[in-house]
Amino acid sequence: MLSLETPRLLLREMIPQDAAAMFDVWGDPKAMRWYPRALTRDEVDVWIEKQMERYPSGTGLLAMMLRETGEVIGDCGPVWHDPDGPPEVEIGYHVRRDCWNRGYATEAARAVRDYAFAALGCGHVISLIRPENLPSRRVAEKNGLTLHRMVFWRDYDHCVYRVEREGAQ
Ligand SMILES: CC(C)(COP(=O)(O)OP(=O)(O)OC[C@H]1O[C@@H](n2cnc3c(N)ncnc32)[C@H](O)[C@@H]1OP(=O)(O)O)[C@@H](O)C(=O)NCCC(=O)NCCS
């Protein structure tokens, strides 16, 4: 089972019962401002199934749980994407709006970055971020990712933020 611990968070594999909590994030049009649209409750079920299919390969977005209370407040995890060439591991993160700006995404993304280097053997990781999404760009920067290139991906311009594993060729 894939799970990662940080000082305040447990990142663990999602289960279908997480759908209500995930809908509070993915169903929120304000949080999904930089996505084509928010998801419906049924679409969240399908989206969770997709993550569950990824877990056997050691990837997939994980439920972001507060260790203190057990509450699920978002997701973060490594996912393979091929925005403009060979597949690369992308760190994705989404946090419920009332929990923004408390450092949760940064803390989670850092653990995922280190996991991708140590356990998946990645030489680098990326984050794909719409240029207007300043909070997400800030999270990437706080974890040592820098702007590497721009790509047109899924109908929109995206910044590709990237960081190399220390010592990687
Ligand atoms: C992006 C997101 C995950 C960040 O989550 P978070 O837990 O609030 O992130 P953190 O608290 O770790 O860091 C947020 C940083 O952005 C900064 N920030 C917030 N709003 C900002 C703005 N309008 N302009 C610039 N920086 C901003 C915060 O000040 C903070 O930086 P700091 O620690 O230097 O002060 C959250 O905003 C979110 O869920 N957005 C919707 C989903 C999404 O867009 N995901 C990313 C897809 S690429």
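This section describes the overall fold, one enclosed helix, the surroundings of the ligand and a loop tryptophan in a predicted model.

The secondary structure of the chain amounts to four helices and eight strands, and from the N terminus onward these elements follow the order β-β-α-α-β-β-β-α-β-α-β-β. The radius of gyration of the chain is 15 Å, close to the 15 Å that the globule rule gives for 169 residues, so the chain is as compact as a globular protein of that length. Taken along the principal axes, the C-alpha atoms fill a box of roughly 40 × 35 × 30 Å. Of the 169 residues in the chain, 35% are buried, and among contacts with a separation of 6 or more, 56% are accounted for by residues 24 or more positions apart.

Helix α3, which covers residues 104-118, was examined for its length and for its burial. At 1.5 Å a residue, its 15 residues should span 21 Å, and the C-alpha atoms at its two ends are 21 Å apart, in agreement with that expectation. Eleven of the 15 residues of α3 are buried, so the helix is largely enclosed by the rest of the structure. The buried positions include the aromatic residues Tyr 104, Tyr 115 and Phe 117, together with the alanines Ala 105, Ala 108, Ala 109, Ala 111 and Ala 116; Val 112, Glu 107 and Arg 113 are likewise buried.

The ligand is surrounded by 19 residues, of which the closest are Trp 100, Ala 105, Thr 106, Leu 134 and Arg 138. The elements that give two or more residues to this shell are β5 (88-95), α3 and α4 (134-142), and the largest share, five residues, comes from α4. By residue class, the shell around the ligand divides into eleven nonpolar, six polar and two charged residues. Ala 105, one of the residues closest to the ligand, also belongs to the buried set of α3.

Trp 34 lies outside these elements, in the loop between α1 (19-26) and α2 (41-54). With 14 other C-beta atoms within 10 Å, Trp 34 is partly exposed, because a residue counts as buried at 20 or more such neighbours and as exposed at 12 or fewer. When residues up to four places away in sequence are not counted, Trp 34 touches Arg 130, Glu 132 and Asn 133. Although Trp 34 and Asn 133 are 99 residues apart along the chain, their C-alpha atoms are separated by 6.8 Å.

How values were computed
Residues numbered from 1 in each chain as written. Predicted model: local features only at pLDDT ≥ 70, side-chain atom pairs only at ≥ 80, totals over all residues. Contact = placed C-beta atoms within 7 Å. Expected span 1.5 Å × (residues − 1). Near = placed C-beta within 6 Å. Nonpolar A, V, L, I, M, F, W, Y, C, P; charged D, E, K, R; others polar. Rg over C-alpha atoms; globule rule 2.2 N^0.38 Å.
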